[in-house]
Amino acid sequence: MHRKKYFTLVPLALLLGISTFYYLPAEEKNYTLVVPLLFWVAYYSWIYIEKKSKCNE
C-alpha cells in the first residue's frame, strides 16, 4: 500500500466530504457519496501514473 499517497489524500477527502454533507441541501445530500469515489480515482490514478513513469525510465 502506498501509505504516503493515501494519507495525503485522506484529509482532503474528509474535509471535502464533511463540507459537502454540511452545506448541501437535504435533497442533494446523496452527492456526498461522490467524494469517496473521487478519492479512490485520484489514489489509483496517482499510483498508475507513478508506475508508468518508472517503466518509461
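**Overall form, aromatic pairs and the largest pocket**

The chain has a radius of gyration of 14 Å, whereas a compact globule of 57 residues would have one near 10 Å. This value, like every other reported here, was computed from a predicted model. Along the principal axes, the C-alpha atoms fill a box of roughly 50 × 15 × 15 Å. The secondary structure consists of 2 helices and 0 strands. Helix α1 covers residues 3-23, and helix α2 covers residues 34-56. Of the 57 residues of the chain, 18% count as buried.

Distances between individual residues were examined next. K54 and E28 are 26 residues apart in sequence, and their C-alpha atoms are 41 Å apart in space. K54 belongs to helix α2 and has a relative accessible area of 58%, so it is exposed. In the case of W46 and K5, 41 residues apart in sequence, the C-alpha atoms are 7.9 Å apart in space. W46 is likewise found in helix α2. Its relative accessibility is 35%, and W46 therefore counts as partly exposed. The side chains of these two residues also meet: K5 lies over the face of W46, at 5.6 Å from the ring centre. A second arrangement of this kind involves K29, which lies over the face of F21 at 4.7 Å from the ring centre.

The aromatic rings were then considered in pairs. A pair of aromatic rings is described by the distance of the centres and the angle of the planes. A search of the whole structure finds 10 aromatic pairs. One of them joins Y22 and Y23, with 4.9 Å from centre to centre and 80° between the planes, an edge-to-face arrangement. Y22 has a relative accessibility of 62% and so counts as exposed. Y23, at 66% relative accessibility, also counts as exposed. The rings of W40 and Y43 likewise form an edge-to-face pair, because their planes stand at 85°, with the centres 5.5 Å apart. Both residues lie in helix α2, where they are 3 residues apart, about one turn of the helix. Their accessibility was also computed. W40, with a relative accessible area of 38%, is partly exposed. Y43 has a relative accessibility of 4% and therefore counts as buried, since the limit for a buried residue is under 20%. W40 and Y43 also belong to one aromatic cluster, together with Y6, F7, F39 and Y44.

Open space at the protein was examined last. Rolling a probe the size of a water molecule over the atoms shows where empty space is left. The largest pocket has a volume of about 170 Å³. Its lining is made up of Y6, V10, A13, L14, G17, I18, V35, P36, F39 and W40. The elements that give two or more residues to this lining are α1 and α2. Helix α1 gives the most, with 6 residues. By character, the lining residues divide into 9 nonpolar and 1 polar, with no charged residue. The polar residue is G17, because Gly is counted among the polar residues. Members of the aromatic cluster, including Y6, F39 and W40, are thus also found in the lining of the largest pocket.

Conventions:
Residues are numbered from 1 along each chain as its sequence is written. This is a predicted model: local features need pLDDT of at least 70, side-chain atom pairs count only at pLDDT 80 or more; totals for chains, interfaces and linings use all residues. Side-chain values use heavy atoms; hydrogens and water are left out. Rings of Phe, Tyr and Trp (its six-membered ring) pair if their centres lie within 6.5 Å; planes under 30 degrees apart count as stacked, over 60 as edge-to-face and the rest as tilted. Buried means under 20% relative accessible area, exposed over 50%, partly exposed in between (1.4 Å probe, protein chains only). Helices (H or I, at least four residues) and strands (E, at least two) are DSSP runs, numbered from the N terminus. A charge sits over a ring if NZ of Lys or CZ of Arg is within 6 Å of the ring centre and within 35 degrees of the ring normal. On a 1 Å grid over the protein atoms alone, a cavity is a set of points where a 1.4 Å probe fits but cannot get out, and a pocket is an open set with protein on both sides within 12 Å along at least five of seven lines; lining residues have an atom within 4 Å of a point. Grid points are joined across faces, edges and corners, and a volume is the space filled by probe spheres set on the points. The radius of gyration is taken over C-alpha atoms; the globule rule is 2.2 Å times the number of residues to the power 0.38.
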